[in-house]
Amino acid sequence: MSLNTTLNANWTTFKDDFFKKEMKDELAQFKIQIDQQLATTSLKLQDHEQKLEEMAARIDEQETWAAVANEALSRSLKEQSALQDKVNDLESRSRMNNMRIYGVPEGAEGSSVIQFVEGLLANEKLISGGTDLQIQHAHRSVAPRPNPNAPPRSIVVNFLQFRVKETILRNAWKKKIQIGDRILSFNFDYTTDVIQKRKEYKAIKAALKERGVRFQTPFTRMRIHWDSGPQMYNSAGDAERELRKRGFFAGHTEEHVSEGPITSQQLEETSPWHRVERTHRHGEREAAKRARERLQEFQRKPRQ
């Protein structure tokens with residue numbers, strides 16, 4: 001074998017051994033870096049898992065507090081509603097002998113509202129002659145005097161006897177009464193809350209009148225006489241939803257019913273605490289468990 005051939009062979013062997021050693025060193029260094037990064041990732045994952053557990057615990061505490069607070073608020077709303085109903089009932093009872101007259105021009109009553117009312121009732125024959133009206137007091141509603149072009153204030157009349165007031169109202173509803181060009185209307189002396197609820201039926205009444213559908217509005221409810229029979233609705237919202245189902249308010253998207261204070265039923269319907277079973281925390285824990293299992297599986301694999 002020639003010297004040149006021997007040198008070439010030795011050089012090839014040396015080169016192969018050199019590159020193999022260099023590659024082994026690089027692989028060893030890379031393995032060290034991978035192990036370091038893996039250890040760092042493991043520590044970070046453990047730290048994240050601990051923080052996740054702490055966060056889940058805090059969320060659990062917050063949800064528990066929110067559920068208790070929600071229940072307490074719901075009870076408070078129910079009690080408030082019951083108390084408000086009692087107040088309205090007591091106020092309504094205190095007004096049982098009252099009657100309101102709407103449309104009387106400002107100043108038409110002169111110096112004595114009682115004498116004006118007595119003369120009006122007698123002239124319109126709203127009660128049999130000789131009946132003692134026994135009006136306790138009569139006055140304009142408590143409000144600033146309106147502008148000349150604004151509707152006049154109503155007149156509140158208090159009778160000693162309930163039956164006298166009822167008789168006058170029944171007779172007044174049967175005829176058209178007016179002063180000059182102003183048509184008068186007679187009604188019960190409702191509380192402010194009841195008046196507001198009755199106002200909510202305004203658009204509904206107009207729609208029913210347009211279609212020629214008979215209806216009644218006892219107190220704060222509405223009875224509609226459909227072809228299939230009469231149906232009672234406890235709120236303007238219920239009545240409006242029924243009318244929309246039957247094709248009323250076509251082309252109108254706005255709600256005619258004013259928004260009132262939130263009720264306990266609305267609170268329960270909108271609150272997530274009554275129906276959510278905390279699935280988000282379960283999902284977070286399952287994700288952390290799967291990540292931990294993948295890390296442990298990776299660490300168990302033999303590395304070359």
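Contact here means heavy atoms within 4.5 Å. With that in hand, the views below walk through a predicted model, starting with the whole chain and then moving in on its parts.

**View 1. The whole predicted model holds eight helices and eight strands.** Welcome to the overview. The protein has 304 residues, and buried ones make up 27% of them. Its accessible surface comes to about 21,400 Å², and carbon and sulfur atoms account for 53% of that area. Take the contacts between residues at least 6 apart in sequence: 59% of them join residues at least 24 apart.

**View 2. Helices H5 and H6 cross at roughly 35°.** In this close-up, H5 covers residues 202-211 and H6 covers residues 236-245, and their axes come within 10 Å. The crossing is left-handed. Which residues of H5 and H6 meet? From H5 come Ile-204, Ala-207 and Leu-208, and from H6 come Ala-236, Ala-239, Glu-240 and Leu-243. Sorted by character, the residues of this contact are six nonpolar and one charged, with no polar member.

**View 3. The buried residues of H6 pack against H5 and two strands, S7 and S8.** Those buried residues are Ala-236, Gly-237, Ala-239, Glu-240, Glu-242 and Leu-243. Their strand partners are S7 (222-226) and S8 (229-233). H6 lies across this pair of strands and runs at about 25° to S7. Just beyond the helix, look for Gly-247, which follows H6 and has a positive phi near 95°.

**View 4. Three strands form an open sheet in the order S6-S7-S8.** The pairing is antiparallel. S6 (215-216) and S8 stand at the edges with a single partner strand each, so one side of each has no neighbour in the sheet. H5 packs on this sheet and touches S6 and S7, its direction making about 20° with that of S7. How many bridges pair S7 with S8? There are five, in the antiparallel sense. One position to pick out is His-225, which stands opposite Pro-230 in S8.

**View 5. A second open sheet has five strands in the order S2-S3-S1-S5-S4.** Here too the pairing is antiparallel. At the edges stand S2 (135-140) and S4 (177-179), each with a single partner strand, so one side of each is left without a neighbour in the sheet. On average, and with direction ignored, neighbouring strands are turned by 25° against each other. S4 is joined to S5 (residues 182-188) by three bridges, and the two run antiparallel. Within this pairing, Gln-178 has Ile-183 in S5 as its bridge partner. Helix H2 (residues 113-123) packs on the sheet and touches S1 (98-102), S2, S3 (155-159), S4 and S5. The direction of H2 makes about 105° with that of S2.

**View 6. Strand S1 pairs with S3 and with S5.** Is S1 largely enclosed or left open? Four of its five residues are buried, so S1 is largely enclosed by the rest of the structure. Four antiparallel bridges link S1 and S3, and the bridge partner of Asn-98 in S3 is Asn-158. Four bridges also join S1 to S5, again antiparallel, with Arg-100 standing opposite Asn-187 in S5.

**View 7. Pro-105 sits in the loop between S1 and H2.** Its C-alpha atom is separated by 9.6 Å from that of Leu-184, a residue 79 places away along the chain. What does Pro-105 contact once neighbours within four places in sequence are left aside? The partners are Arg-140, Pro-152, Ile-179 and Arg-182.

**View 8. Lys-125 and Gln-134 are both found in the loop between H2 and S2.** For anyone checking backbone angles, this loop is worth a stop. Lys-125 has a positive phi near 55° and is a residue other than glycine. Gln-134 is not a glycine either, yet its phi is positive at about 50°. Buried, exposed or partly exposed: which describes Lys-125? Lys-125 is exposed, because its relative accessible area of 68% lies over the 50% cut-off. Gln-134, at 25% relative accessibility, counts as partly exposed.

Methods:
Residues numbered from 1 in each chain as written. Predicted model: local features only at pLDDT ≥ 70, side-chain atom pairs only at ≥ 80, totals over all residues. Heavy atoms only, no water. Axes fitted to C-alpha atoms, helices over the stretch in contact; angles between N-to-C directions. Left-handed = near helix turned anticlockwise from the far one by under 90°. Nonpolar A, V, L, I, M, F, W, Y, C, P; charged D, E, K, R; others polar. Buried < 20%, exposed > 50% of the residue type's maximum accessible area, 1.4 Å probe, protein only. Pairing = 2+ DSSP bridges. Areas by Shrake-Rupley, 256 points an atom, 1.4 Å probe, with all protein chains shown as cover.
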